Amino acid sequence: MRVLGVDPGLTRCGVGVVEGVAGRPLTMLGVGVVRTPADAELGHRLVAIERGIEEWLDEHRPECVAVERVFSQHNVRTVMGTAQASAVAMLCASRRGIPVALHTPSEVKAAVTGSGRADKAQVGAMVTRLLRLDAPPKPADAADALALAICHIWRAPAVNRLQQAHAAAARRAPRTPAVPVRKVPR
């Protein structure tokens with residue numbers, strides 16, 4: 001499975017491509033950051049992020065895109081920018097028919113380090129180790145994007161099995177006949 005991980009942000013949008021399957025060594029195919037100037041107009045920044053994501057999709061042809069799920073922070077302005085960049089990544093993938101998966105920061109940290117409360121240094125160190133890199137990817141947004149891709153590769157088989165089990169159970173469940181509704185006289 002080839003996954004493009006996206007750590008959304010308006011100024012720095014981390015991107016990383018990892019290939020592999022759960023239980024086997026993983027391979028990093030690319031890592032980087034799509035940058036936009038903080039003083040540029042919002043619309044221009046979003047277009048720049050779109051172009052950057054599209055280039056990564058063209059070059060690496062992922063089977064899935066894993067995006068960090070936006071979570072509430074105290075700074076609404078930061079959340080809005082992150083959400084807008086996240087939406088651009090989801091739009092680019094969906095436009096091409098590529099499935100999109102959302103993972104929370106704590107899910108990613110737990111998958112990669114074993115602790116949902118790991119700090120950025122711990123995530124970077126584990127990404128370096130898991131992908132057999134010489135040094136942690138810089139900036140941290142790039143390492144986070146790789147962590148998202150790793151998380152998805154490891155979690156996707158279990159999630160798919162759960163979805164299949166739910167679908168099978170729904171097909172086997174006896175259908176309850178509709179009960180006619182009677183009007184109650186007043």
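Strand 2 (residues 12-19) is mostly covered, since six of its eight residues are buried, where buried means under 20% relative accessible area, exposed means over 50% and partly exposed lies in between, with a 1.4 Å probe and protein chains only. Helices (H or I, at least four residues) and strands (E, at least two) are taken from DSSP runs and numbered from the N terminus. The model is predicted, so that local features need pLDDT of at least 70 and side-chain atom pairs count only at pLDDT 80 or more, while totals for chains, interfaces and linings use all residues. Residues are numbered from 1 along each chain as its sequence is written, and side-chain values use heavy atoms, with hydrogens and water left out.

The protein chain contains five helices and five strands, and, read along the sequence, these follow the pattern β-β-β-α-β-α-β-α-α-α. Of its 186 residues, 38% count as buried. The protein chain exposes about 11200 Å², of which carbon and sulfur atoms supply 55%; accessible areas come from the Shrake-Rupley method with a 1.4 Å probe, and for residues only the protein chains shown count as cover.

From strand 2 one can follow the pairing outwards in both directions. Strand 1 (residues 2-7) runs antiparallel to strand 2 and is joined to it by six bridges, two strands being paired if DSSP finds at least two bridges between them. These two strands form a hairpin with four residues between them, and within their pairing G5 stands opposite G16 of strand 2. On the way to strand 3 (residues 27-35), strand 2 again has an antiparallel partner, this time with eight bridges. Here C13 stands opposite V34 in strand 3, and V18 has M28 in strand 3 as its bridge partner.

The five strands make an open sheet with the order 3-2-1-4-5 and mixed pairing. Its edge strands are strand 3 and strand 5 (100-103), each of which pairs on one side only. From one strand to the next the twist averages 20°, where axes are lines fitted to C-alpha atoms, for helices over the stretch in contact, and angles run from 0 to 180 degrees between N-to-C directions.

Two helices can now be placed against this sheet. Helix 1 (residues 42-60) lies across strand 1, strand 2, strand 3 and strand 4 (64-68), and runs at about 165° to strand 3. Helix 2 (residues 76-95) packs on the sheet as well, touching strand 1, strand 4 and strand 5, with a direction that makes about 170° with that of strand 4; contact means heavy atoms within 4.5 Å. Among the contacts in the protein chain with a separation of 6 or more, 62% are between residues 24 or more positions apart.

The cysteine C13, already met in the pairing with strand 3, is buried, with a relative accessible area of 0%. A search of the whole structure finds zero disulfides, a disulfide being a pair of cysteine sulfur atoms within 2.5 Å. For C13, the nearest cysteine sulfur is that of C92, 9.5 Å away.

Charged side chains add further links, and the structure holds eight salt bridges, each defined as a side-chain nitrogen of Lys or Arg within 4 Å of a carboxyl oxygen of Asp or Glu. R12 forms one with D141, the closest N and O atoms being 2.7 Å apart. Because R12 lies in strand 2 and D141 in helix 5 (residues 140-172), this pair ties together parts that are 129 residues apart in sequence. R12 counts as partly exposed at 36% relative accessibility, whereas D141 is buried at 12%.

A second salt bridge joins R96 to D58, with the closest N and O atoms 2.6 Å apart. R96 lies in the loop between helix 2 and strand 5 and D58 in helix 1, so the pair ties together parts that are 38 residues apart in sequence. R96 is partly exposed, with a relative accessible area of 32%, and D58 likewise counts as partly exposed, at 42%. Both residues belong to a network of salt bridges that links E50, E54, D58, R95 and R96. Within this network E54, which has its place in helix 1, is buried, with a relative accessible area of 15%. Not counting residues up to four places away in sequence, E54 touches C92, R95 and R96.

Finally, R155 forms a salt bridge with E107, the closest N and O atoms being 3.7 Å apart. R155 lies in helix 5 and E107 in helix 3 (residues 105-113), so the parts tied together are 48 residues apart in sequence.
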